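The exercises below concern strand pairing, helix packing and charged pairs in a single model. Each task is followed by a solution that goes step by step.

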Amino acid sequence: MPQNGLRILPPGSALLQGNCGAHPIRLLKGTAGAGLVPSGPWKMSGASSAAQLALLHTPQGHPVIPGATSGLLSSLEPQLRCLSLSGRWSSKMESPPLGRPRASMPFLLRSLLALLALSTPSQCQDSEATSPKATNGTPFPWDKMRLPEHVIPVHYDLTIHANLTTLTFWGTTEVEVTASRPTSTIILHSHRLQISKATLRRRAGQGLLQEPLRVLEYPRHEQIALLAPEPLLVGLPYTVVIDYAGNLSDTFHGFYKSTYRTKEGEVRVLASTQFEPTAARMAFPCFDEPAFKANFSIKIRREPRHLAISNMPLVKSVTVAEGLVEDQFDVTVKMSTYLVAFIVSDFESVSKVTKSGVKVSVYAVPEKINQAAYALDAAVTLLEFYEDYFSIPYPLPKQDLAAIPDFQSGAMENWGLTTYRESALLFDVEKSSASSKLGITMTVSHELAHQWFGNLVTMEWWNDLWLNEGFAKFMEFVSVSVTHPELKVEDYFLGKCFNAMEVDALNSSHPVSTPVENPAQILEMFDEVSYEKGACILNMLRDYLGADAFKSGIVQYLREYSYRNTKNEDLWNSMARICPAGGMQETEGFCSRGQHSSSSSHWRQEVLDVKAMMNTWTLQKGFPLVTVTVRGRNVHLEQEHYMKGADGAPETGYLWHVPLTFITSKSDVVQRFLLKTKTDVLLLPEAVEWIKFNVGMNGYYIVHYEDDGWDSLTGLLKGAHTAISRNDRASLINSAFQLVSIGKLSIEKALDLSLYLKHETEIMPVFQGLNELIPMYKLMEKREMDEVETQFKAFLIRLLQGLIDAQTWTDDGSVSERMLRSQLLLLACVRKYEPCVRQAEGHFRRWKDSNGTLSLPNDVTLAVFAVGAQDTEGWNFLYNKYRSSLSSTEKSQIEFALCTSQDQEKLQWLLDDSFKGDVIKTQEFPYILTLIGRNPVGYPLAWQFLRENWNKLVQKFELGSASIAHMVTGTTNQFSTRARLEEVKGFFSSLKDNGSQLRCVQQTLETIEENIRWMDKNFDKIRVWLQSEKPELQ
């Protein structure tokens, strides 16, 4: 993967290079370890006089850069005299460019240093070709994507008036700033805003002095420069006042328009915000980076018929003109711009109060407010849990949860005003499914966890997004397992890790902590690696440290960095103080773990270095494959980087600190061993029949068992599968098929292992079996291998027939049992298993005859609708029901069913209609495109639609967004022919900067190549295997 404008330097040097006039510049600085510094040229922006690099001098008169060796630089005097920094100083430098002068420097030179910061523009200018130009053609005084750090926002006063008739808004931003060094230039963000006026206010004696600011715009970086007539003085408060206007966005980000249709058919308009990661600048000019935290005072002007809500409670409302009300909200706590939120709507709400007095409210459109009760109760319970778990009170007086009719992602954690898709918040008691209840609970839990992880403590930059998202994803499971034990969330955590590994096994994956710079790169960080892998490695750490030690570490982290920003290492430093690397922790289970010696049968204690361990999981991509070879009592271990691809994939040389756990046929007591080296040996007390590593799949790694290891475990599953946990069974299924991909295990052995599923009843192993087996016939569908494809589908139904036949067509049982029933009956009906189809047809006929008023069991509705949609009359009836339904679950079920049609005309119409957004909202389009992309008759239509409408899709959903990624992979990653591969390559390479560089494109190209290789290698073996006798299925 490209380093996104950064280059890793070899140990022992930090290299800064660029051009200044005719003089090339190459500066070396002695340092320990590798550093990250900008790899591009330093721009010499003459327009930014305050950005000049102060030149220090030794007593001998040689110019030096702070932290550099004078002897090395003395020969560079001509170059240094024109050196001007407009970028950030490398974090590896020992002191900043304007560091305090050395004590040996004469006073005169120190005075000169101060003057240099205010000097006139350097005579050494950039070439015309590389100098950024503002929209008016004049030089723009800043050439970096990141803002300079010497002007800091302290407090924003925002006044915003949205007109929901003209779909425009105007605003005034008053932001108090301070400068850490003299400067005449203030750089901040603004995107698609028309700025009419900018002034600078400061105190002068008893009064206020106002000076006009010249405004330069640089749309490429979404920045503006405000040029003051005189430099801002260090430490004094200034207020920047900007008047501006804009159009409500017709995308899903910024300050955007949303609509809903009432029962009577009236279309109503509202305006809502979605600022993460880089869209606050679309609503007001601001310092739109997470480290620029400030307080916000927000005023919203609206018509009397509307309601405005924001992060903080309403203080008062005043009438400012006839038909115009101004709502004034309380001052926020110190927070990042991406967490600001406001909504102007006609929503209604229901409220409750937590034990600690926090008012919790759910807002929704009037006709759906009766679906808010479940989320309200869940939010109160979860907020109380987090206050207790973190031992830090929720700092705001209220927490609102708002269901927005148009919303691109699932939800957003704006502080005090979390926003959601309607389907992620509203629960219809009569129609919502068990999976809907689980999803709502987990989503609310995720966003409320963010009120601490992300809002109270925020990552310094988006490269460490996982500190927000990985933690919130992980806390879903920690919290909901306590607050809603009946949901059995532990049954689903593993699925997240398997999903992450699918992406993380590709060469195009990235480390959890990855350098990013531009908005598209930032958006790409919102992926399985930041969320799911982040959560899985945290779970692994908690399992290794023990729950109490882990909790102590994160509470200390939250307390130490409240209202501040952090980097990856800050978390590990907090953990390390709980678990010191250099001494024993007296409290058992905190840091010291039993570590098996490779040379004796005794256990020794070894203290864990949390930072060293976790750096191996966050700073390098991928995950380890641990190969286990048993020789009597000796267990030989070897780790390597698991990566899919050609058999001769390059060895990365990565090593991890792998917290191994294992049980054996002789002992179900979990043993632990931290594997730090490429190979090691364990000595067991006695010989065993089988050994199972990665107990409960708490570790983010997979295991290969050499010799007869897999045969022993397959025999265990077929003979007594309940001897190991359901999570262990699921992880064996996953590992076996992952090993087929890299040639470590034959496809026949993996399929033999899957035969035990005939006797499986638990959701996790069954789902994992389906996740491995279904894609095999999906690849065959794309190659038109009808005969073997049909045989394979028949085998899958035969394998699960006993479990399918045991399902009742009711809503009885636990959440897990109900979700398993829903998926099994859907599979059976889509695969045309006759008893299932017959039942579904009967249910659909009765439901249709009642004009949709008959109440179907929620868990079987998906299967019933999918069968009903297979003829024209049923399809049309479902579509008409969709138009009038108020249930998000029912709408989602109908969307799925409509997309299973085998009529290409209907599928094409669905694509066109959902993209237009009149009846099926455009927010549903990525889901519909992906469903049709999985349909054996629809996938060519989906791929064609993506290509023909790419520019419109990028405009609507944003380059780099998860929606774009899902559409790319959803339409292409089951292709398995060379012809399709060339088609995909050709299309995306033609896009240049508008998509060819996306990580999802690299992922899908890798996946298609893997599909081709996999099918070429395994298809004939599968065909032969299917024809062989299998007594297990008799």
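**Exercise 1.** In this predicted model, determine which residue stands opposite leucine 188 and place that contact in its sheet.

*Solution.* Leucine 188 has isoleucine 224, in strand 13, standing opposite. The next step is the pairing itself: strand 9 and strand 13 (residues 223-232) are antiparallel and share 6 bridges. These strands belong to an open sheet of 3 strands, with the order 9-13-12 and antiparallel pairing. Strand 9 (183-189) and strand 12 (214-218) are the edge strands, and each has a single partner, so one side of each lacks a neighbour in the sheet. From one strand to the next, the twist averages 25°.

**Exercise 2.** Describe the open sheet of 5 strands and state which helices pack on the sheet.

*Solution.* The strand order is 22-23-24-26-25, and the pairing is mixed. Strand 22 (348-353) and strand 25 (411-412) occupy the edges with a single partner strand each, so one side of each is left without a neighbour. Strand 22 runs antiparallel to strand 23 (residues 359-364), to which 6 bridges join it, and serine 351 stands opposite serine 361 of strand 23. Helix 4 (residues 373-390) lies across strand 22, strand 23 and strand 24 (398-404), at about 150° to strand 23. Helix 5 (residues 434-450) also packs on the sheet, where it touches strand 24, strand 25 and strand 26 (417-421), and its direction makes about 150° with that of strand 26.

**Exercise 3.** Is arginine 302, which forms a salt bridge with aspartate 327, buried or exposed?

*Solution.* The side chains of arginine 302 and aspartate 327 meet at 2.5 Å, N to O. The pair links distant parts of the chain, since arginine 302 is in strand 17 and aspartate 327 in strand 20 (residues 324-329), 25 residues apart. Buried means under 20% relative accessible area. Arginine 302, at 11% relative accessibility, therefore counts as buried, and aspartate 327, at 2%, also counts as buried.

**Exercise 4.** Work out what the salt bridge between aspartate 711 and lysine 749 ties together, and how exposed its partners are.

*Solution.* The closest N and O atoms of aspartate 711 and lysine 749 are 3.3 Å apart. Aspartate 711 lies in helix 13 (residues 709-720) and lysine 749 in helix 15 (residues 747-754), so the pair ties together parts 38 residues apart in sequence. Aspartate 711 is partly exposed, with a relative accessible area of 42%, and lysine 749 is partly exposed as well, at 32%.

Notes. Residues numbered from 1 in each chain as written. Predicted model: local features only at pLDDT ≥ 70, side-chain atom pairs only at ≥ 80, totals over all residues. Heavy atoms only, no water. Pairing = 2+ DSSP bridges. Helix = DSSP H or I, 4+ residues; strand = E, 2+ residues; numbered from the N terminus. Axes fitted to C-alpha atoms, helices over the stretch in contact; angles between N-to-C directions. Contact = heavy atoms within 4.5 Å. Salt bridge = Lys/Arg side-chain N within 4 Å of Asp/Glu carboxyl O. Buried < 20%, exposed > 50% of the residue type's maximum accessible area, 1.4 Å probe, protein only.
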